[in-house]
Amino acid sequence: MDHSVLDIDGIAVSPDHYIDGRRVAGEESFELFSPIDQRLLGRVSEGSSAQVDAAVRAAQQAFPAWAALGAAGRKPCLDRFAEEIGRRADDFCRLESRDAGVLLSRMRHGVVPRAMLNLTWFAQHALTLQDRVIETAQAQHQVRHDPAGVVAIITPWNAPLMLSTWKLGPALASGNTCVLKPPEWAPLTCSLLADAAHAAGLPPGVLNVVQGSGAGTGARLVSDERLARISFTGSVPTARRIAQAAGAHLVPCSLELGGKSAFIVLEDADIDGAAATAALMYRNAGQVCLAGTRLLVHERVADRFVAALRARVERLVVGDPRDEATEVGPIIHPRQVERVQGFVDRAVAGGAELLWGGARHDFGAQYLQPTLLTGLHQDDEIVQSEVFGPVLTLQTFAGDDEAVALANGTDYGLGGICYGETAHATALAQQVRTGFIWINSFGIRDLAAPFGGIKRSGIGREGGDWSFEFFCDVKDIVLPKAPFHASFAHR
Ligand code: NAD
């Protein structure tokens, strides 16, 4: 088989799978285009049933030895894995920018350091996962976290490197072996991850990468009965399909899904600070699950807030994500451009008022203007649906109860932002039904903290101990404190 290597702006990257420590070409492949300029980047392998089977088998075979290494034995491997990412940091940054349109500046300063930390932090944290002991009058309970087995990891295109390592870190650190299915619209940095794992000397089969479409390769993977866990980040419709497939074999799933998070601005908020943060919602062209895309602003400060936000939006630099000055890059795919534009057009046709944006940006075919819509009703499509583009909505409220009702008035519950006097904002945040909410800030993520959504935004939590709760089988070894006498009367 042809083991071709793509040359992407001078970076050599394999378009093939990585199974059992070796590159494996697909019998079929698909075309991959850059969102920056629609350039054909090459053809990427599509994972067949036999290749998915081989990847799961390799992971299964590698599992006993990897699990037996213990957290201390696995830590040096994962530290080396992180070092390899660091050694090729520039390649990872430029490749994901080219492939997924992620801002180069964000790759350099945010994503790559975080990807490394995702491996080293969880490798370190796994050392604390030795036996925990619960003493009762009757017994000593030695509670262990045993690795579960083969884990399928499925990630979306908006943050492939960040999200893949976010799951790989704890899954591998706790002794599982993995099959990663990268997003087909941005698969290349996950291929580079396989190279980094290989160079770091991860034993064959511990990490396998199978490229391909969701409906093809992804669906094949999640219906494999040998899986012990499925960790998925992506959209609600896909989550439903995955949960159904997993249900057939009762495989536990962690589902990190979409959002429609509220950005609440109270009357006592720092309006300039709130506006500066609101402008960040356009970053990555709004393709950020945790963005606060529904601006809910107290009616007495709405005009001031809109003026302050407008001033910032007018200065936003839309353009090539590889330019360090760019703040708003492209939309991932022509289909996604159509989808986002469709939401805006339908909202305007339905009577929404366009405060700015609303159309394609001159910079190129896959660039949209930062957009703000108002004059909306809570049940409008644009208020209820995740748009995943540079589109914000603005609604006003007269008091806290109304703010909470609007914030809670969608099927989603991922994140949230609340600007206001700290005690006031914190009290209000307690009433917002969501997985997490930032007070007078945005985007502070700590690996020790839980992450995930409620309602349609997901099932389960990852992060810190929550990742290990998901990726491990908890076992209680019970040692009685007094001699045990078998009796039918005994509980
Ligand atoms: P998507 O659901 O279309 O695809 C995500 C992944 O699932 C891709 O790798 C895809 O190939 C795969 N997939 C698709 N169908 C499948 C199937 N039947 N079986 C198995 N795998 C399948 O999502 P997307 O468009 O790539 O990403 C955008 C979505 O991800 C948005 O809804 C966004 O909010 C969400 N997201 C959530 C978080 C979070 O942490 N909660 C983070 C980033 C993105």
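The following exchange examines how the terms applied to this predicted model are justified.

Author: This is a predicted model, in which local features need pLDDT of at least 70 and side-chain atom pairs count only at pLDDT 80 or more, while totals for chains, interfaces and linings use all residues. Residues are numbered from 1 along each chain as its sequence is written, and side-chain values use heavy atoms, with hydrogens and water left out.

Reader: What makes domain 1 and domain 2 the divisions of the protein chain?

Author: The bounds come from an automatic or database domain assignment. Domain 1 comprises 6-257 + 457-476, and domain 2 comprises 262-439. Their centres, taken over C-alpha atoms, are separated by 31 Å. To the contact (heavy atoms within 4.5 Å), domain 1 gives 24 residues and domain 2 gives 27 residues.

Reader: What is the area buried between domain 1 and domain 2, and what do carbon and sulfur atoms give?

Author: Buried area is the accessible area (1.4 Å probe) that two parts lose on being put together, summed over both. For these two domains the value is about 2,200 Å², and carbon and sulfur atoms give 57% of it.

Reader: Why is the largest nonpolar core said to lie between the domains?

Author: A nonpolar core is a set of buried Ala, Val, Leu, Ile, Met, Phe, Trp, Tyr and Cys residues joined through side-chain atoms within 4.5 Å. The largest one has 120 residues, of which Phe-81, Leu-295 and Phe-305 touch the most other members. Domain 1 and domain 2 both give residues to this core, so it lies between them. Another core, of 26 residues, lies apart from it and includes Val-56, Leu-227, Ile-230 and Ala-245.

Reader: Which residues does Phe-81 touch, not counting residues up to four places away in sequence?

Author: Phe-81 touches Leu-119, Leu-172, Leu-193, Ala-196, Ala-197, Ala-200, Leu-202 and Leu-207.

Reader: Why is Thr-189 called buried?

Author: Buried means under 20% relative accessible area, exposed means over 50%, and partly exposed lies in between (1.4 Å probe, protein chains only). Thr-189 has a relative accessible area of 1%, and is therefore buried. This residue belongs to helix α6 (residues 188-199); helices (H or I, at least four residues) and strands (E, at least two) are DSSP runs, numbered from the N terminus. Beyond its neighbours within four places in sequence, Thr-189 is in contact with Phe-92, Leu-95, Glu-96, Asp-99, Pro-160 and Leu-161.

Reader: What makes the pairing of Thr-189 with Glu-96 a polar contact?

Author: A polar contact is a pair of N or O atoms within 3.5 Å; within protein, one must be able to donate a hydrogen and the other to accept it, and residues adjacent in sequence count only if both atoms are side-chain atoms. The side chains of Thr-189 and Glu-96 make such a contact at 2.5 Å.

Reader: Why is helix α9 described as largely enclosed?

Author: Of the 9 residues of α9 (residues 271-279), 7 are buried, so the helix is largely enclosed by the rest of the structure. The buried residues are Ile-271, Gly-273, Ala-274, Ala-275, Thr-277, Ala-278 and Ala-279. Their cover includes β14 (262-265), β15 (294-298), α10 (302-315), β18 (391-397) and β20 (416-419). At the N-terminal end of α9, Asp-270 acts as a cap, with a side-chain oxygen 3.3 Å from the backbone nitrogen of Asp-272.

Reader: How do you know that β16 and β17 pair?

Author: Two strands pair if DSSP finds at least two bridges between them. β16 and β17 (residues 371-374) have 3 bridges and pair in the antiparallel sense; Trp-356 has Leu-372 as its bridge partner in β17. Both strands belong to an open sheet of 7 strands with mixed pairing, in the order β16-β17-β18-β15-β14-β20-β21. The edge strands, each pairing on one side only, are β16 (353-356) and β21.

Reader: Is Leu-372 buried or exposed?

Author: Leu-372 counts as buried because its relative accessibility is 0%. From Arg-294 it is 78 residues away in sequence and 9.8 Å away in space, C-alpha to C-alpha.

Reader: What is the phi of Asp-9, and why is this residue called partly exposed?

Author: Asp-9 has a positive phi of about 50° although it is not a glycine. Most residues other than glycine have a negative phi. Asp-9 sits in the loop between β1 (6-8) and β2 (11-13), and its relative accessibility of 30% is why it counts as partly exposed.
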